[in-house]
Amino acid sequence: MTPLRGGCACGQVRYESTAGPLVQFICHCRDCQHASGGAFSAFVFVPRDRLTYLSGKMHHYDVKAESGRELRRQFCSACGSPISAHWPTSPVVEMLTVASLDDQGIFAPTHELWVSRAEAWHPFHPDTIKLPEGPAEGVVRDPIRAYFAARRE
Ligand SMILES: [Zn+2]
Ligand SMILES: [Zn+2]
C-alpha cells in the first residue's frame with residue numbers, strides 16, 4: 001500500500017506509516033475539542049511499530065481522557081499543530097490527527113464518540129455510528145487485536 005504521510009503546519013514534523021489505518025473515528029469529547037481547537041478531533045490509528053517520525057521535534061502533554069484512561073497528546077514544538085496521541089500504558093497504536101495527513105481524503109470514519117458532548121453548531125457525519133459516550137470496548141480494541149493477531153499468523 002501507499003504509505004501514509006503527514007506532518008505539521010510549519011513543515012518541521014514529518015512522519016510516515018507503512019501500515020494503513022486500523023481504526024478511524026471522530027471524537028467530540030471536551031478534551032478533543034480543546035486539543036483540536038475545533039468542534040472535535042478526527043483520528044486514524046496506525047500500529048506504532050510501522051510509524052516513523054522522520055523529522056522535527058514534538059512536545060506532549062498527558063491528560064486523563066473522559067474514558068478515565070491517560071492519553072498522551074503530541075504536537076509540533078515549533079508551530080503547535082496537533083500531530084498524534086497514544087496511551088502511554090499500552091503504546092501499540094498511535095492515533096494520527098486527520099488534519100496532519102498529507103491526504104486527508106483517505107479518512108473514512110466508522111464511529112463518532114461522545115456525541116453527548118457535541119457542539120450544537122456543527123453537523124454530524126452522515127455515515128457514522130453515533131455513540132453518546134466513549135466507545136464500547138470492542139469498537140477500538142477488536143480491530144487492533146485482529147490486526148496484530150493476523151500479523152502473528
Ligand atoms: Zn510545526
Ligand atoms: Zn475525545
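**Exercise 1. Establish the strand order of the open sheet and identify its edge strands.**

Solution. In this predicted model, the open sheet has eight strands in the order β6-β7-β8-β9-β4-β3-β10-β11, and its pairing is mixed. Strands here are DSSP runs of E with at least two residues, helices are runs of H or I with at least four, and both are numbered from the N terminus. Two strands pair if DSSP finds at least two bridges between them. Next, consider the edges: β6 (58–64) and β11 (129–130) each have a single partner strand, so one side of each lacks a neighbour in the sheet. Finally, β6 runs antiparallel to β7 (residues 70–76), to which seven bridges join it; within this pair, Y61 stands opposite R73 of β7.

Residues are numbered from 1 along each chain as its sequence is written, while chains are lettered from A and ligands numbered from 1 in the order in which they are written. Local features need pLDDT of at least 70, side-chain atom pairs count only at pLDDT 80 or more, totals for chains, interfaces and linings use all residues, and side-chain values use heavy atoms, with hydrogens and water left out.

**Exercise 2. Determine which strands helix α2 lies across, and which elements build the largest nonpolar core.**

Solution. Helix α2 (residues 137–152) lies across β3 (23–27), β4 (41–47), β9 (93–97) and β10 (111–113). The helix runs at about 20 degrees to β4, an angle on a scale from 0 to 180 degrees between N-to-C directions of axes fitted to C-alpha atoms, for helices over the stretch in contact (heavy atoms within 4.5 Å).

A nonpolar core is a set of buried Ala, Val, Leu, Ile, Met, Phe, Trp, Tyr and Cys residues joined through side-chain atoms within 4.5 Å. Of the 22 residues in the largest core, F25, F45 and I144 touch the most other members. Two or more residues come from each of β3, β4, β9 and α2, and α2 supplies the largest share, four residues.

**Exercise 3. Describe the donors and geometry of the zinc ion (ligand 1).**

Solution. Donors are N, O and S atoms within 2.8 Å of the metal (3.2 Å for Na, K and Ca); water is not among the atoms, so sites may look incomplete. The protein donors are C8 (SG), C10 (SG), C76 (SG) and C79 (SG), lying 2.3 Å from the ion. Their angles of 104 to 114 degrees make the site tetrahedral (four donors, all angles between 85 and 135 degrees). As for accessibility, C76 is buried (under 20% relative accessible area, 1.4 Å probe, protein chains only), at 1%, whereas C79 is partly exposed (between 20% and 50%), at 34%.

Methods. Four donors count as tetrahedral if all angles lie between 85 and 135 degrees; four count as square planar and six as octahedral if opposite donors are over 155 degrees apart and all others between 65 and 115; anything else is irregular.
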